[in-house]
Amino acid sequence: MSTVIEVRDLTKRYREVRALDGVSLSFEDGAIYGLLGQNGAGKTTLMSMLTAQNFPTSGEVRVFGEAPYENARVLSRMCFVRESQKYPNDATAAHAFGAARLFFANWDQELADRLIADFRLPMKQAIRKLSRGQLSAVGVIIGLASRAEITFFDEPYLGLDAVARQIFYDRLIEDYGNHPRTIVLSSHLIDEVANLIERVILIDRGRILMDEATDAIRDRCVNLIGDREVVERFIAGREVLHTETLGRVMSATVAVRLDAAERAELTRLGVEIAPVSLQQMIVRTAQHAALREGAQR
Amino acid sequence: MNRIVNVARMQWINRATFVTVPLLILGSALLISLLIYWIIPVDGPKYGGGAQAPLWYFLVIGIQSLTLTFPFSLAMSVTRREFFFGSMLAAVCVAFPLSVLFVVGGLIESATGGWWIDGWMFYLPWIWEQGPFGAWLLFFALPVLFFTVGFCLATIYKRFGSVTLTLTLVGLGALAVAVLAVIRQFDAWASVGAWLAGFSAVGLALGLLLASVLVSALSMALLARATP
């Protein structure tokens with residue numbers, strides 16, 4: 001694996017707001033990244049900077065070792081259709097795909113045709129008359145069929161029904177298997193993409209809270225549910241992301257890697273050990289960070 | 001270079017915008033002009049400004065090819081420079097056949113004595129004073145200027161928003177009024193009139209092309225920092 005994108009100390013300020021605040025990270029070749037975070041966290045801003053669609057206030061972006069701004073050599077290897085993408089007036093989906101075919105060297109028309117059928121996308125209607133889901137489908141098809149070396153999907157599921165979303169996830173995995181490349185999937189539906197993404201980048205208010213392999217994150221935390229006193233005694237002094245009590249029962253999300261002895265002991269004490277879903281893990285981490293930040297103020 | 005040509009193809013991808021609609025406007029302007037010439041009971045030549053109709057449309061496509069196609073071109077991983085030159089290429093490639101059509105229309109008019117009813121739309125004497133080539137140059141320069149002005153106004157809008165665009169337009173209007181006031185102050189209407197009358201069609205065409213170059217240079221500078 002080699003690094004395809006390198007970001008150093010990237011900041012984007014809009015008047016008072018810091019949309020990105022000192023972001024440093026890198027993306028490797030041949031991996032699917034989940035760019036996760038709430039609405040307004042800075043996901044789209046970050047992707048806009050990486051593709052030179054927008055300009056950083058300070059900091060540096062390198063893609064394939066070069067600055068992407070006005071660099072056709074670099075840009076032609078990337079594809080970023082934004083969530084609120086605008087299309088030429090009166091353009092139909094057929095027009096948009098026709099244009100994409102001109103610009104993306106790896107464009108696969110067969111794949112595009114298959115996806116058009118899968119999503120039942122009307123080809124003769126102006127894009128501005130399509131439903132939100134159909135609009136998302138246009139972006140998804142451009143992203144998949146362009147087969148760019150680095151492809152960004154910006155909340156690609158908006159307005160898509162459950163069946164269409166599954167089609168997207170299935171086709172993405174299938175095509176990625178045949179043509180490995182770097183895929184960055186921005187999302188706030190974390191559990192839906194949990195099985196797809198190999199690495200999580202969690203962004204909150206313009207800052208990176210987490211940048212780790214998905215498996216490592218899952219292993220890092222457990223949910224302990226049991227007698228309140230027992231649980232409290234166990235979690236004392238550990239990093240606790242969240243607790244809930246209901247009468248004498250307490251549920252705690254704790255950052256801990258349990259060894260066999262600890263597991264046996266907890267089970268003997270009647271404490272249930274449950275895995276934490278990626279979504280829970282991430283929501284708790286974000287809340288925890290917000291609390292810590294609040295405490296510092 | 002190939003990518004610049006592809007930007008032009010992207011601009012044309014909806015043929016209605018760049019081909020069908022201008023032809024429709026030109027055709028109907030001609031038809032309506034002829035009907036009017038036929039109705040009005042005037043002996044002697046009848047001149048009309050119907051030929052300017054497609055020009056205004058070039059202002060519109062100048063605006064549209066920026067506001068909507070620019071954000072799309074970024075999604076197509078096109079650089080801003082490629083987008084600029086490709087869009088200009090697209091405009092020039094449409095202005096050219098249109099100007100040739102105007103010349104052909106003028107030749108038909110002069111051959112048929114104004115469509116047999118002494119009605120003139122393309123063959124306006126001053127424009128044709130230096131022959132068909134001079135007329136062609138002016139017919140070509142006009143839509144190019146209209147396109148670049150529309151494109152530039154849209155770029156200002158994209159970079160700075162509607163308030164700045166409005167202020168720019170108001171400023172241009174104020175500038176025009178100021179020029180008129182100065183001319184009046186110095187009682188210079190006669191010399192200005194003489195200066196304007198001294199222009200030949202070719203001279204005017206070259207002036208318009210120069211203005212187009214300046215306006216588009218401004219667009220390109222503004223576009224360099226434009227975001228979708």
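A nonpolar core is a set of buried Ala, Val, Leu, Ile, Met, Phe, Trp, Tyr and Cys residues joined through C-beta atoms within 7 Å. A residue is buried if 20 or more other C-beta atoms, placed from the backbone, lie within 10 Å of its own.

The model is predicted: local features need pLDDT of at least 70 and side-chain atom pairs pLDDT 80 or more, while totals for chains, interfaces and linings use all residues. Residues are numbered from 1 along each chain as its sequence is written, and chains are lettered from A in the order in which they are written.

**Exercise 1.** State how many residues the largest nonpolar core has, and which helix gives the most to it.

Solution. The core has 136 residues; A:Y33, A:L185 and B:L138 are among those with the most contacts inside it. Helix α8 of chain B (residues 131-160; helices are DSSP runs of H or I, at least four residues) gives the most, with 17 residues. From chain A, domain 1 (3-205) and domain 2 (217-296) each supply at least three residues; the bounds come from an automatic or database domain assignment.

**Exercise 2.** Decide whether A:A286 is buried or exposed, and list its contacts beyond four places in sequence.

Solution. A:A286 is found in helix α11 (residues 278-296) of chain A. It is buried because it has 21 C-beta neighbours inside 10 Å. Its contacts (C-beta atoms within 7 Å) are A:L202, A:D204 and A:L209. A:L202 is 84 residues away in sequence and 8.4 Å away in space, C-alpha to C-alpha.

**Exercise 3.** Do likewise for B:V215.

Solution. Helix α11 (residues 201-223) of chain B holds B:V215. With 21 C-beta neighbours inside 10 Å, B:V215 is buried. Beyond four places in sequence, B:V215 contacts B:T148, B:V149 and B:C152.

How values were computed:
A residue is buried if 20 or more other C-beta atoms lie within 10 Å of its own, exposed if 12 or fewer, and partly exposed in between; C-beta atoms are placed from the backbone. Helices (H or I, at least four residues) and strands (E, at least two) are DSSP runs, numbered from the N terminus. Two residues are in contact if their C-beta atoms, placed from the backbone, lie within 7 Å.
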